[in-house]
Amino acid sequence: MEVSIKKGAFHKPESPDEKPYLIGSRCSSCGYMCFPKKEVCVKCVRDDCMEEKKFGPYARLDSYAVIQVAPTGFTAPYIQAYVVLEDGPKIFTLITGCEPRDDALEPGQKMELVIEKIRDDEKGNSLIGWKFKPVEEKNKS
Ligand SMILES: [Zn+2]
């Protein structure tokens, strides 16, 4: 069975021509944006101004790290990163679709959202969530 790692945080496409997106919040008063959703704006400290906002499917890579020692349920090595969502905030994410090497990616690189399995849970369910993959390979020639 597929289980969402965070309920209501993303949309998984049901057909090939649909794009996935993330569901976060935007403050209608000051413009503050975040993902996942928040009830209260951290800048205005008000709970009446947060609106739901869709982000994605593209982002720019901010920084990344190759993880050599995996927590339970993960397979090392893998890449975790911060990406800046198009018209959105900077978020933490796992990276897929490239070799888990120190030189695999370049900050500023265009990344695309994918919704896929993150890991198995204790009951054998597939936990699905968001990851980003490079749109183009680095130094493609
Ligand atoms: Zn605000």
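Okay, a definition before anything else: when I say accessible area, I mean the Shrake-Rupley kind, computed with a 1.4 Å probe. On that basis the chain exposes about 8,600 Å², and carbon and sulfur atoms supply 46% of that. Keep in mind that what we have here is a predicted model.

So, the overall picture. What does the secondary structure come to? There are 0 helices and 10 strands, and reading along the sequence you just get β-β-β-β-β-β-β-β-β-β. The C-alpha atoms fill a box of roughly 45 × 40 × 35 Å along the principal axes. As for the radius of gyration, the chain has 16 Å, and a compact globule with 141 residues would have one near 14 Å, so the two agree.

How much of the chain is buried? Buried residues make up 37% of the 141. And if you take contacts between residues at least 6 apart in sequence, 48% of them join residues at least 24 apart.

Quick word on charges. The chain carries 22 positive and 23 negative ones, and the mean positions of those two sets are 2 Å apart.

Now the bit I'd like us to look at together, the cysteines. How many disulfides do we count? The count comes to 0. Take Cys34: that residue is in no disulfide, and the nearest cysteine sulfur, the one on Cys41, is 8.0 Å away. The cut-off for a pair of cysteine sulfur atoms is within 2.5 Å. Cys34 is also buried, because its relative accessible area is 4% and buried means under 20%. Cys30 is another story: its relative accessibility is 39%, so Cys30 counts as partly exposed.

Then there's Cys49, which sits in the loop between E4 and E5. Buried or exposed, what would you say for Cys49? Buried, because the relative accessible area is 2%. And what does Cys49 touch, leaving aside neighbours within four places in sequence? Cys49 is in contact with Arg26, Cys27, Ser28, Ser29 and Cys41. One of those partners, Arg26, is 23 residues away along the chain, yet the C-alpha atoms of Cys49 and Arg26 are separated by 8.1 Å.

Staying with backbone geometry in that loop for a moment. Pro36 is found there too, between strand E4 (33-34) and strand E5 (50-55). Phe35 and Pro36 are joined by a cis peptide bond, with omega at about -10°. There's another cis peptide bond, from Gly56 to Pro57, where omega is near 5°. Pro57 belongs to the loop between E5 and strand E6 (58-67).

Last topic: positive phi in residues that aren't glycine. Val45 has a phi of about 50°, and again we're in the loop between E4 and E5. Val45 is exposed, because the relative accessible area there is 63% and the line for exposed is over 50%. Asp87 has phi near 55°, and Asp87 is in the loop between strand E7 (78-85) and strand E8 (90-95). Its relative accessibility is 62%, so Asp87 counts as exposed as well.

To recap the loop between E4 and E5, since we kept coming back there: among its residues are Pro36, Val45 and Cys49. Of those, Val45 is the exposed one with the positive phi, while Cys49 is buried. Okay, that's my tour.

Note on methods: Residues are numbered from 1 along each chain as its sequence is written. This is a predicted model: local features need pLDDT of at least 70, side-chain atom pairs count only at pLDDT 80 or more; totals for chains, interfaces and linings use all residues. Side-chain values use heavy atoms; hydrogens and water are left out. Helices (H or I, at least four residues) and strands (E, at least two) are DSSP runs, numbered from the N terminus. The radius of gyration is taken over C-alpha atoms; the globule rule is 2.2 Å times the number of residues to the power 0.38. Buried means under 20% relative accessible area, exposed over 50%, partly exposed in between (1.4 Å probe, protein chains only). Contact means heavy atoms within 4.5 Å. Lys and Arg count as positive and Asp and Glu as negative; His and the chain ends are not counted. The place of a charge is taken as NZ of Lys, CZ of Arg, CG of Asp or CD of Glu.
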